[in-house]
Amino acid sequence: MIDKTLEIKAFLKGHYCPGSLEDTKPELQLNTSGVLQLLFQIFPIDCVDDYDLHNLLVQLGYTPRKKGSIEFVWCLKEIH
């Protein structure tokens, strides 16, 4: 696995900030798998796993939000 943690962290900080369900576009309210799919469009596949991504998002101030009765999502609010 190629470690791209620092690059991913910089990318997220440069393009997104933590949001809420109310102020984040529905297409950017993503579960962990969805965030990985977003990142793998830019970075090599498997350069980060779900455990490391979870830790990285928490370090950046993100909190999983409960959406619906059983789903938790990360709210990535775009920086303009």
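**Group meeting: a walk through the fold**

Okay, so reading along the sequence, what you have here is α-β-β-α-α-β-β. That makes 3 helices and 4 strands. Keep in mind that this is a predicted model. The radius of gyration is 12 Å, close to the 12 Å that the globule rule gives for 80 residues, so the protein is as compact as a globular protein of that length. If you box up the C-alpha atoms along the principal axes, you get roughly 35 × 30 × 20 Å.

A few overall numbers before we go inside. Of the 80 residues, 34% count as buried. The accessible surface comes to about 5100 Å², and 54% of that belongs to carbon and sulfur atoms. Now look at the contacts with a separation of 6 or more: 71% of them are between residues 24 or more positions apart.

On to the inside. In soluble globular proteins, nonpolar side chains tend to be buried together. In this model, the largest nonpolar core has 20 residues, and I8, L12, Y16, V35, L39 and L76 are the ones with the most contacts inside it. Which elements give two or more residues to this core? They are α1 (5-15), α2 (32-39), α3 (50-59) and β4 (71-78). The largest share comes from α2, with 4 residues.

So let's stay with α2 for a moment. Its buried residues are G34, V35, L36, L38 and L39. As for what covers them, the list includes α1, β1, β2, α3 and β4. If you want one residue to click on, take V35: leaving out residues up to four places away in sequence, V35 touches L30, L53, L57, W74 and L76.

Next, charges. Side chains of opposite charge can pair when their charged atoms come close. The count here is 2 salt bridges. One of them is K77 with D23, where the closest N and O atoms are 3.4 Å apart. That pair links distant parts of the chain, with K77 in strand β4 and D23 in the loop between β1 and β2, 54 residues apart. Then there is K25 with E78, whose closest N and O atoms are 2.7 Å apart. Here too the pair links distant parts of the chain: K25 sits in the loop between β1 and β2, E78 in strand β4, and they are 53 residues apart.

Are these side chains buried or out in the open? K77 is partly exposed, at 31% relative accessibility, and D23 is partly exposed at 38%. K25 comes out as partly exposed at 40%, and E78 likewise at 30%.

While we're in that loop, have a look at S20, which also lies between β1 (16-18) and β2 (29-30). S20 is buried, because its relative accessible area is 18% and the cut-off is under 20%. Setting aside neighbours within four places in sequence, S20 is in contact with R65 and C75.

And that brings me to the cysteines. How many disulfides are there? The count comes to 0. C17 is in no disulfide, and the nearest cysteine sulfur, that of C75, is 11 Å away. Why no bond for C75? Its closest cysteine sulfur, in C17, is 11 Å off, which is too far for a bond. As for their surroundings, C75 is buried at 2% relative accessibility, whereas C17 is partly exposed with a relative accessible area of 27%.

Right, that's my tour.

Technical notes. Residues numbered from 1 in each chain as written. Predicted model: local features only at pLDDT ≥ 70, side-chain atom pairs only at ≥ 80, totals over all residues. Heavy atoms only, no water. Buried < 20%, exposed > 50% of the residue type's maximum accessible area, 1.4 Å probe, protein only. Contact = heavy atoms within 4.5 Å. Disulfide = S-S within 2.5 Å. Core = buried A, V, L, I, M, F, W, Y, C linked by side-chain atoms within 4.5 Å. Salt bridge = Lys/Arg side-chain N within 4 Å of Asp/Glu carboxyl O. Rg over C-alpha atoms; globule rule 2.2 N^0.38 Å. Areas by Shrake-Rupley, 256 points an atom, 1.4 Å probe, with all protein chains shown as cover.
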